[in-house]
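Colleague: Could you take me through this one before I go back to the bench?
Modeller: Gladly; have a look first, and then ask whatever you like.

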Amino acid sequence: MRNLIIFIFLATSAFVVHAQSTSKALQKADAQYDALAYAKAIELYETALKKPKGLTDEETLKAKIQLALAYRQVKDFVNAERVFREVLSGNPVLKGEDVKTYRHFAQVLTSNGKYTEANQYWQKFNELQEQDKRGEEFIKLNSNRGALERNSGSYRIEYIGINSSSADFSPIYYKKGLVFVSGRTGNATIKRVFNWDASSFLDLFYLEDLKILANESNASAIGTSTSSTTRTTPASKKLGDDYYTQPTSNDSKTVGRKGSDYVAGSKDLDYEEEPSIPTQKFSKTLNSKYHEGPCTFFHDGSKIVFTRNSQNVSGGIFGQKKNTGITRLKLYMAFYEDNEWKKVKELPFNSNDFSCGHPTITIDDKILYFVSDMPGGYGGTDVWMTRYNNGEWSKPENLGASVNTRGNEMFPFVDERGNLYFSSDGHPGLGDLDIFFMPMNTATGMPSGKVRNLGAPLNSNKDDFGLITDSDRRTGFLSSNRKRGGNDDDIYKFTRLGTVYGCREVVVNIFDAESKKPFDRIRFEYETKGEANSKESAITNNAGTINLCLEADNDFNFIVKQNGYQQIVVGFSNKDASDYEASKLDIYLKREAVLVDNTKKKEVAYANAPNEILLSKGNKNNVSTIFRGVVTAGRDSTPIAGVLIRFINQCTNQVQEMTTGADGSYEFKRDLNCDYLLEAIKENFGRSFELVEKIAEKRSITNIFKKKTTKANVGSLFDTKLYKVGDVVQLDNIYYDSESYKIRGESVRELEKLVQTMQKNPNMIIEIRSHTDTRGNAQDNLSLSQLRANEVVNFLAKKGIAKARMKGVGMGEKEPVNGCGDGVQCTEAEHQRNRRTEFKILSIERK
């Protein structure tokens with residue numbers, strides 16, 4: 001219905017008749033089409049094409065194209081698709097303006113939810129012309145529709161009781177209520193019919209108090225019953241039977257009444273819907289025998305700017321030719337004085353050669369945005385701006401290519417912060433008209449960012465437009481024909497429950513800066529700038545890549561630490577990123593300055609000195625400049641051969657490395673004034689990390705041990721041992737009081753070791769196993785042990801370990817470590833040994 005307020009605007013897409021048909025029926029149809037009387041044109045075209053005898057192939061093709069376009073103009077996309085298929089099934093050679101048929105059909109298919117097929121016709125359109133590049137962006141979006149639907153759970157959409165079976169749309173706040181546009185006839189004795197689609201003329205209506213909506217018993221979330229004349233919606237619903245999900249093959253197609261037997265669902269008995277909330281006509285002064293459309297109010301309520309179709313009928317159709325049947329849309333201003341709207345006057349830039357409408361004004365009443373097809377635009381209808389100063393309006397300025405396209409931009413709204421919402425069929429969207437957001441420079445009144453599609457459920461595959469909201473988009477209203485399609489526009493209330501936008505994809509690749517080769521399964525961290533506790537971790541795949549979906553409109557830091565490489569922090573922002581096309585972030589790591597000693601220890605080197613090997617085991621603070629050690633298996637303490645040992649100087653980052661022999665031994669030179677990181681690596685084992693602390697000066701043995709006992713050093717469970725998949729490692733000093741699952745305070749230190757172990761082995765997945773003593777009921781003990789295991793899992797999760805890497809299992813009393821079974825008398829200390837926690841390594845490499 002807003003088509004008339006698209007109003008005459010959409011005539012820019014009307015077909016120009018190149019030659020008059022020899023058929024009188026077609027001549028009449030062409031005349032109605034030319035006059036934008038699409039409902040009448042559809043009847044005449046359908047009648048003429050039923051008996052095409054005497055028509056040339058060229059005349060038949062032209063008539064079918066215009067019939068399809070007429071159906072599209074009245075929003076009957078089912079019939080539009082049918083006729084477009086007839087046109088293109090014969091593979092006609094289309095030239096000139098006829099090439100746009102491919103674009104129109106692609107848009108119709110998109111509105112009907114057939115995105116893959118729509119892309120085929122967008123591609124065909126792209127190949128046959130070079131000027132209009134819209135198809136490239138629509139193809140990208142249609143290939144990834146889910147990008148605009150992933151945040152649909154953040155908004156609740158409610159159908160409200162002021163709607164009727166006529167068009168209701170474009171609400172605007174006024175005082176404590178809502179002014180909106182409606183085609184309802186009320187008690188009028190004379191029905192005024194609009195030739196575009198045989199629908200009623202439009203007037204302004206008023207809901208005085210919005211609180212009525214808050215208490216409305218008939219108001220319901222999308223998909224539920226909305227009026228007294230509709231049936232109660234069943235508790236379980238099929239996909240597609242609500243007002244915003246995509247249609248399925250099971251959905252029945254109904255559209256609003258248009259008064260034509262040829263338009264699907266348009267007969268008078270198709271549906272009737274009476275408002276459950278009473279409203280009234282806004283003003284006898286402003287409502288006239290002409291169309292009154294979208295309006296805006298100065299913020300003290302003293303002035304209104306509104307749309308009305310011109311009383312002068314001498315203008316031509318968008319500057320093409322004179323046509324006395326077409327009137328222009330114009331903007332008018334009125335003043336509220338003595339409880340009436342008075343002094344109605346035109347804005348000075350109105351013209352009989354083009355239309356102006358859909359006004360919205362900034363909170364300071366200084367900038368008015370509106371829609372026009374005046375010369376100097378980009379395509380169909382554009383958003384323009386004018387300044388109001390001392391009662392004078394400035395010359396209109398076009399908002400430019402970041403907002404306006406070769407399609408139609410309309411129904412603007414500016415929020416309290418000066419940012420702009422508008423609808424468009426030229427920017428890629430989910431259907432015909434989608435709602436978009438553009439941040440604005442409040443000083444200049446011009447765009448200052450990138451246009452954003454609001455996504456589902458604020459947008460659907462139908463027409464969505466006429467949105468109003470607060471500056472944080474927490475609540476508001478919008479107009480849509482999603483309920484029945486066609487021109488049955490309704491007003492919906494929305495409430496934001498989650499984030500403003502969803503997430504935007506980024507593909508992260510991590511490479512060696514020198515070789516340009518990707519890293520295999522490298523762990524890294526990322527965080528949202530300025531947000532505490534936002535740090536997350538991730539691991540790339542075998543090709544050194546990972547796809548993340550990060551919260552939209554944010555700045556991030558990526559932190560990558562890799563042994564032997566310089567730590568790097570890379571900033572990334574998705575504020576200007578595409579909603580439906582993944583961004584790409586390549587990170588290159590530079591190697592540290594490395595001094596490598598590849599001398600491997602010979603097995604015979606220690607053949608005659610076993611005491612030396614035993615002495616070096618775990619001897620961190622040996623005052624010798626030679627550091628020796630042995631790597632053993634964690635389960636049985638046997639030496640392990642073939643372990644890569646790296647000894648990294650923390651002062652200079654120089655690296656020495658070697659591989660252990662059969663006795664598991666290693667040896668390195670060290671600077672006593674520097675800390676060293678000792679790293680042991682072997683396939684199918686967890687990595688071992690150990691800090692070898694510096695010895696700054698010679699001390700007595702007594703002083704050395706004193707330092708070690710007073711310095712806090714949690715360390716790692718893997719300090720001198722390596723563990724493989726299947727190993728079970730007991731956590732020392734993890735005990736519980738009898739019949740309690742709460743972790744004792746003295747257990748925290750040991751759990752901190754497990755935290756560090758999990759952090760140092762990011763690919764490890766473990767099973768936390770908790771045991772009870774054998775006293776009491778076995779089933780109760782099993783439940784208690786599960787609570788104890790869960791308590792450990794929760795402790796590690798609070799320390800940043802992902803729960804996906806842990807599984808808590810209660811073992812109950814079935815595996816005591818001593819002979820304290822049922823009925824056996826044991827000391828409390830012996831029972832406490834059985835109240836223990838251990839972990840089993842399930843996986844080293846994440847599947």
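## Disulfides, a helix and a loop

Modeller: Cysteine 503 is a good place to begin, and with a relative accessible area of 22% it is partly exposed, where buried means under 20%, exposed over 50% and partly exposed in between, using a 1.4 Å probe on protein chains only. Please keep in mind that this is a predicted model, in which local features need pLDDT of at least 70 and side-chain atom pairs count only at pLDDT 80 or more, while totals for chains, interfaces and linings use all residues. Residues are numbered from 1 along each chain as its sequence is written, and side-chain values use heavy atoms, with hydrogens and water left out.

Colleague: What is cysteine 503 joined to?
Modeller: Cysteine 503 forms a disulfide with cysteine 549, with an S to S distance of 2.1 Å; a disulfide here is a pair of cysteine sulfur atoms within 2.5 Å. The pair links distant parts of the chain, 46 residues apart, with cysteine 503 in strand E27 (residues 503-512) and cysteine 549 in strand E30 (residues 545-551). Helices (H or I, at least four residues) and strands (E, at least two) are DSSP runs, numbered from the N terminus.

Colleague: Is that disulfide right-handed or left-handed, and why?
Modeller: It is right-handed, because the torsion about the S-S bond of cysteine 503 and cysteine 549 is about 90°. Cysteine 549 is also partly exposed, at 35% relative accessibility.

Colleague: How many disulfides does the count come to?
Modeller: By the sulfur distance rule there are 3 disulfides, and they follow the pattern 1-2, 3-4, 5-6 when bonded cysteines are counted along the chain. Cysteine 651 is joined to cysteine 674, S to S 2.2 Å, and their S-S torsion of about -115° makes the disulfide left-handed. Cysteine 651 is partly exposed at 49%, whereas cysteine 674 is buried at 7%.

Colleague: And what about cysteine 820?
Modeller: Cysteine 820 pairs with cysteine 826, S to S 2.1 Å, and that disulfide is left-handed too, with a torsion of about -115°. Cysteine 820 itself is buried, at 2% relative accessible area.

Colleague: Changing topic, how far does helix H13 reach?
Modeller: Helix H13 covers residues 778-798, which is 21 residues, and from its first C-alpha to its last it reaches 30 Å, close to the 30 Å expected; the expected span is 1.5 Å times one less than the number of residues.

Colleague: Which residues of H13 are buried, and what covers them?
Modeller: The buried ones include Asn781, Leu784, Arg788, Val792 and Phe795. What covers the buried residues includes helix H12 (748-760) and the strands E43 (765-771), E44 (806-812) and E45 (837-843), taking contact as heavy atoms within 4.5 Å. As background, an α-helix has 3.6 residues a turn, so residues three or four places apart point the same way.

Colleague: What happens just after H13?
Modeller: Glycine 800 takes a positive phi of about 100° there.

Colleague: Last one: where is glutamate 514, and is it buried or exposed?
Modeller: Glutamate 514 lies in the loop between E27 and strand E28 (523-528), and it is exposed, with a relative accessible area of 67%. Glutamate 514 and tyrosine 588 are 74 residues apart in sequence, and 8.5 Å apart in space from C-alpha to C-alpha.
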